[in-house]
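Student: I'm new to this one. Could you walk me slowly through a single part of it, say the salt bridges?

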Amino acid sequence: MSALIELRTVGKTFSGGKVALEDVSLALQEDQPRFIAVVGESGSGKTTLARLLLGMIEPTTGTVRYRGEDLAGLSGARRNAFRREVQAVFQDPYEVYNPFYRVDHVLTTPVRKFRLAATRTEGRGLIEAALRSVGLRPEEILGRYPHQLSGGQRQRIMVARALLLRPRLIVADEPVSMVDASLRATILSSLRRLHEEMRISILYITHDLATAYQVADSIIVLYRAAVAEAGHVERVVKAPLHPYTQLLIGSIPLVSTERSWVEDKPAAGRPGGAGCHFADRCPSAMDHCLSAAPSLFQVAPDHAAACFLRADAPALAEGALSSVLG
Ligand code: SF4
C-alpha cells in the first residue's frame with residue numbers, strides 16, 4: 001500500500017544556489033502513526049522539509065508523494081483530500097488570525113470550506129469537541145477576538161483547527177517557540193495525546209532538542225541540509241553517534257527548555273560540496289572526510305549516523321530512513 005506521504009530522494013536548492021535540503025527520503029504510513037522530531041539549527045533545512053511535506057514548495061530533485069501520487073500533480077478532489085489529511089501548525093499563531101474577526105472565524109471557515117457538517121449546530125458541535133480535545137473550554141474561547149486570548153490559547157486553537165479536518169499527519173513547525181515556557185508542555189502534551197488517542201502522525205520541527213526528547217518517539221537530526229543522525233529518541237540522545245549530535249547533547253541540559261542550540265560557525269565548505277558538512281567543526285575529522293560525504297550507517301536497527309567513524313556498520317539502503325525511526 002502507498003505511504004500516506006513520502007519523500008523520495010528529495011533535495012531543494014533555492015535561487016542563488018543555496019542548498020536547503022539534500023537527498024532526504026522518508027515515508028510515513030497511515031497505519032503506523034509516528035511522533036517524529038526533526039531537530040536542527042537555523043539553516044539546517046528543517047523548515048524546508050516541513051514546507052516540502054506540506055506542498056508549499058516543490059523539490060528541485062526527487063518527488064514528494066501523497067498516497068502514491070506526485071504532490072505537484074495533484075488537483076481537484078485529490079488536492080482537497082491532501083489538504084485535509086496533512087495539516088500544519090506554525091510558529092506564530094497570531095499571523096493566522098485576522099484581528100477584526102472573532103477567533104470563531106478560523107474554526108468555522110474549514111467547517112464550511114470542507115463541508116464538514118450538514119447544519120450550523122453540527123458544525124458548532126465539531127468545533128466545541130475539537131477545542132475540548134486540546135484542553136480548551138469552548139465557552140471561554142468562542143466569541144473572543146485574537147488579542148483577548150493568550151499566545152498559548154491561540155496556538156491551541158490552531159491545533160484544534162487542524163484537528164477539525166481529522167488529519168492523518170500534523171506538521172508542527174516550531175509550534176511552541178513563541179509561547180511562554182509554562183505553556184509549552186501543555187501544547188506539546190496536546191499533540192502527544194492526539195497522536196496516541198487519534199493515531200495521528202506528528203512531525204515536530206524544532207530547534208529545541210530538550211522538548212524533542214520529551215515528546216517524540218524518534219528523531220532526525222539535520223545539519224546543513226542533510227541528515228546527520230536518526231533513530232529512536234532515547235538512543236540518539238543518550239548515546240549519540242555523530243560528533244555533531246554529541247556536541248549538541250553535551251551543550252544542552254535536557255532539563256531545560258530555555259537554551260538554544262550552540263551557535264553555528266561560518267562554514268568552510270557548503271552543503272552540496274564534496275565532503276562531510278561537519279568537517280570544518282569536527283574534532284574527529286580525517287583526511288577523507290573532506291573529499292567524500294559519508295552515507296548514513298545503520299549501527300543498530302533503530303539508529304543510524306552519517307559519519308565515517310561508523311563505517312564498520314552497513315550503509316542504510318536508499319529510502320530506508322523510516323526503518324530506523326521505529
Ligand atoms: Fe567528523 Fe568525518 Fe564523521 Fe564528518 S564524517 S562527522 S568530519 S568524523
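Tutor: Let's start with a cut-off: a residue counts as buried when its relative accessible area is under 20%, as exposed when it is over 50%, and as partly exposed in between. Keep in mind that this is a predicted model. Arg168 has a relative accessible area of 19%, so Arg168 is buried. Its side chain meets that of Glu30 in a salt bridge, 3.7 Å from N to O. The two come from distant parts of the chain, 138 residues apart: Glu30 sits in the loop between β2 and β3, and Arg168 in the loop between α6 and β7. Glu30, at 28%, is partly exposed.

Now look over at Asp280 and Arg224, whose closest N and O atoms are 3.1 Å apart in another salt bridge. This pair also links distant parts of the chain, with Asp280 in the loop between α10 and β11, Arg224 in the loop between β9 and β10, and 56 residues separating them. Arg224 has a relative accessible area of 7% and is therefore buried, while Asp280, with 33%, is partly exposed. Back at Glu30 and Arg168, there is a bit more to see: salt bridges with shared partners join these two with Arg67 and Glu85 into one network.

For a local pair, try helix α7, where Arg192 and Glu196 lie four residues apart, about one turn of the helix. Their side chains form a salt bridge at 2.8 Å, N to O, and Glu196 is partly exposed at 49% relative accessibility. If you want to keep hunting, a search of the whole structure finds 16 salt bridges.

Note on methods. Residues are numbered from 1 along each chain as its sequence is written. This is a predicted model: local features need pLDDT of at least 70, side-chain atom pairs count only at pLDDT 80 or more; totals for chains, interfaces and linings use all residues. Side-chain values use heavy atoms; hydrogens and water are left out. A salt bridge is a side-chain nitrogen of Lys or Arg within 4 Å of a carboxyl oxygen of Asp or Glu. Buried means under 20% relative accessible area, exposed over 50%, partly exposed in between (1.4 Å probe, protein chains only).
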